[in-house]
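Welcome to a short tour of a protein model. Please keep the sequence and the 3D view side by side as you read.

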Amino acid sequence: MLERLAEATAGRVRRAPGTGAAGACGSARAGAWLLVAVAVCFTLVQMSAVTLRMPLGWDEAVYASQFGNHAPAAYFSAPRARGISWLAAPAVLVTGSVVVLRCWMSLLAATGLVAAYWPWRRLVGDGVAALAAALFAGLWVVQFYAAEVMPNLYVAFGAVGTAGWFLRAVDGRGPAWRWRTGVAAGLACVALIRPPDAGWLTAVLLVAAAVVPGWRRAGAALWAVGGAVVGLVPWVVESFRRFGGPLARLRTGSEVQGGMGWHLAFGMELRAVDGPMLCRPCTAGWPHPVLTVWWLLLPVVALAGLALAARRWRDRLGPLVLASACAVVMSVQYLFLLDYAATRFLMPSYALLALPVAAFGLGAPGALRGRAPRLVAAGLLSVLLVAQLAGQYAVVRHLAAGEARQREALTGLAVRLNSLGLRAPCALVGTDVPPLAFEAGCSSEAVAGNNVTLTPAGVVSRAAREPLAAAQLSSRAPGYARRWPRCTFVLTDGAHWYVFRPPPPARRWGPCRTPARSAAPLTARHGVPLVRDAALTRSR
């Protein structure tokens with residue numbers, strides 16, 4: 001497997017003697033189709049591992065609600081940016097179907113994978129680019145988030161593509177305006193989706209353009225800055241409109257994330273490498289050490305790829321060093337400035353480091369002397385590749401199944417609340433309600449936490465005008481709801497939700513308990529039982 005890819009790479013970068021233009025075109029077409037084939041396989045595997053019917057998660061509900069008609073727009077906090085909502089907008093504006101949205105995001109992910117590694121085909125060869133795409137796409141975190149309305153994957157695509165087009169722009173060959181447009185477009189996309197990441201990426205490119213003699217092209221640097229500035233415009237405008245300016249927004253965003261400062265998060269990222277999705281607080285153990293070995297070996301193999309390039313392919317060393325530098329710098333804020341972890345945070349770094357890793361995988365057998373050692377090395381690396389992909393697939397199947405159960409149980413609770421009388425236009429109040437409110441078609445409100453939208457007096461006033469309830473995972477009633485009746489719901493995933501509803505004459509509700517005459521169990525929109533038990537009690 002790897003030996004054939006290596007042959008494809010050699011044919012692409014160092015054209016064999018006597019090969020004419022027709023052969024070069026044929027090789028280019030074959031390399032392009034190889035990358036497309038990786039994207040197609042990625043989409044098929046991802047769809048088989050993660051159900052397209054999975055309801056939206058917390059962050060997804062916030063992003064999707066900004067344009068959809070299913071529920072009012074949720075509170076958009078300071079650390080967020082609008083770019084991912086705009087990517088999802090074509091699907092959520094047309095329909096409220098979660099399947100359509102998942103298919104749309106999967107299609108975008110496959111397209112982004114091809115676009116990200118496309119410029120690298122001429123920089124490191126078709127084989128290396130295709131293998132790097134396969135290594136990145138094979139990670140469980142990439143397969144899980146491919147169909148999710150989440151920003152990190154598209155930051156990864158933008159970072160890889162931007163670095164590639166930057167290198168094409170500074171090598172002085174071909175239509176420079178085309179490559180510079182790629183740099184500007186890539187950085188603009190990253191800035192629209194996650195502005196801080198765009199700042200780190202831009203800084204690396206500007207430093208590279210300043211210190212590497214062969215890359216000193218003012219045009220490429222200016223286009224990089226221009227693209228970042230254009231992408232930042234919506235974020236800056238919103239900062240002045242809602243948060244008092246960009247600096248105030250950054251301070252608020254830091255507070256929302258627990259206060260950004262010196263935090264050594266290597267251990268937390270290691271514990272979260274095969275789940276949970278969000279390690280906050282990060283007290284998880286290390287349940288499957290064998291499946292996380294790749295994370296420890298990643299920087300080692302990347303360095304080995306750089307060393308191999310320095311020895312065998314000097315023309316590829318610069319591009320691979322830049323990719324590695326971007327990966328390291330873009331990981332700084334997540335490894336040193338946050339006190340919690342999530343595997344998705346490091347997706348841009350994984351996507352960039354996949355390039356030197358792929359270079360090592362394809363080049364290591366060829367560095368050996370003798371056909372037999374080369375075949376043995378190629379076979380061993382192929383076995384390791386298959387084992388890695390199989391292990392990642394097992395992880396994503398396990399995590400996706402658990403996540404689906406939790407989300408579908410919450411969707412079931414939303415349907416139950418609808419049946420009790422909480423129907424649009426309505427409101428749910430609580431710090432944990434955004435996904436529940438989205439599924440119920442209600443606005444999500446909070447009187448405490450990071451996303452405050454109402455005062456206690458405002459909750460009481462609003463309860464007199466529209467259906468409203470307070471929902472939380474704690475049985476202790478909020479101060480404004482101490483005299484409100486409480487419904488206790490035990491979901492099929494074991495979670496206990498406590499829903500407090502205003503007493504008459506504010507709004508009339510149905511009974512919490514499912515009527516005894518109902519023989520069939522109440523089911524959610526996706527076919528999963530809603531609630532194992534429901535009881536009405538008086539809050540203390």
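Are D197 and R194 buried or exposed? D197 is buried, and R194 is buried as well. Here, buried stands for under 20% relative accessible area, exposed for over 50%, and partly exposed for anything in between (1.4 Å probe, protein chains only).

## Before we start

This is a predicted model, in which local features need pLDDT of at least 70 and side-chain atom pairs count only at pLDDT 80 or more, while totals for chains, interfaces and linings use all residues. Residues are numbered from 1 along each chain as its sequence is written, and side-chain values use heavy atoms, with hydrogens and water left out.

## Salt bridges

Let's begin with charged pairs. A salt bridge is a side-chain nitrogen of Lys or Arg within 4 Å of a carboxyl oxygen of Asp or Glu. The structure holds 14 of them. One joins D197 to R194, with N and O 3.5 Å apart. Partners can also be shared: E60, R102, E148, E403 and R407 are joined by salt bridges into one network.

Another salt bridge links the side chains of D59 and R344, at 4.0 Å from N to O. D59 sits in helix α3 (residues 58-65) and R344 in the loop between α16 (314-336) and α17 (347-363), so this pair ties together parts that are 285 residues apart in sequence. Helices (H or I, at least four residues) are DSSP runs, numbered from the N terminus. D59 is partly exposed, at 22% relative accessibility, whereas R344 is buried, at 11%.

A third example is E238 with R82, whose closest N and O atoms are 2.5 Å apart. E238 belongs to helix α12 (residues 218-243) and R82 to the loop between α3 and α4 (83-94), so the pair connects parts that are 156 residues apart in sequence. With a relative accessibility of 5%, E238 is buried.

## N152 and its neighbours

Next, find N152, which lies in helix α9 (residues 152-170). N152 is buried, with 2% relative accessibility. Which residues does N152 touch, not counting residues up to four places away in sequence? They are R194, R344, F345, M347 and P348, where contact means heavy atoms within 4.5 Å. Two of these names may be familiar: R194 is the salt-bridge partner of D197, and R344 that of D59.

## Helix α7

Helix α7 (residues 126-137) lets you check a simple rule. The expected span of a helix is 1.5 Å times one less than its number of residues. For the twelve residues of α7 this gives 16 Å, and the end C-alpha atoms are 16 Å apart, so the two values agree.

How many of the twelve residues of α7 are buried? Ten of them are, so α7 is mostly covered. Among the buried residues are D126, V128, L131, F136 and A137.

## The second largest pocket

Now for some empty space. On a 1 Å grid over the protein atoms alone, a pocket is an open set of points with protein on both sides within 12 Å along at least five of seven lines, a cavity is a set of points where a 1.4 Å probe fits but cannot get out, and lining residues have an atom within 4 Å of a point. Grid points are joined across faces, edges and corners, and a volume is the space filled by probe spheres set on the points.

The second largest pocket has a volume of about 770 Å³. It is lined by 26 residues, and those closest to its centre are L135, W294, V357, L384 and Q388. Two or more lining residues come from each of α7, α15 (293-312), α17 and α18 (371-420), with α18 giving the largest share, seven residues. By class, the lining has 22 nonpolar, four polar and no charged residues. In this scheme Ala, Val, Leu, Ile, Met, Phe, Trp, Tyr, Cys and Pro count as nonpolar, Asp, Glu, Lys and Arg as charged, and the others, Gly among them, as polar.

## Two cavities

A search of the whole structure finds two cavities of 30 Å³ or more. The largest has a volume of about 60 Å³, and its lining includes R82 and E238, the salt-bridge pair from before. Helix α12 gives the largest share of this lining, four residues. The lining is made up of seven nonpolar, two polar and three charged residues.

The second largest cavity has a volume of about 50 Å³. Among its lining residues are A61, V62, P434 and F438, and the elements that give two or more residues are α3 and α19 (434-440). What classes make up this lining? Nine residues are nonpolar, two are polar and none is charged.
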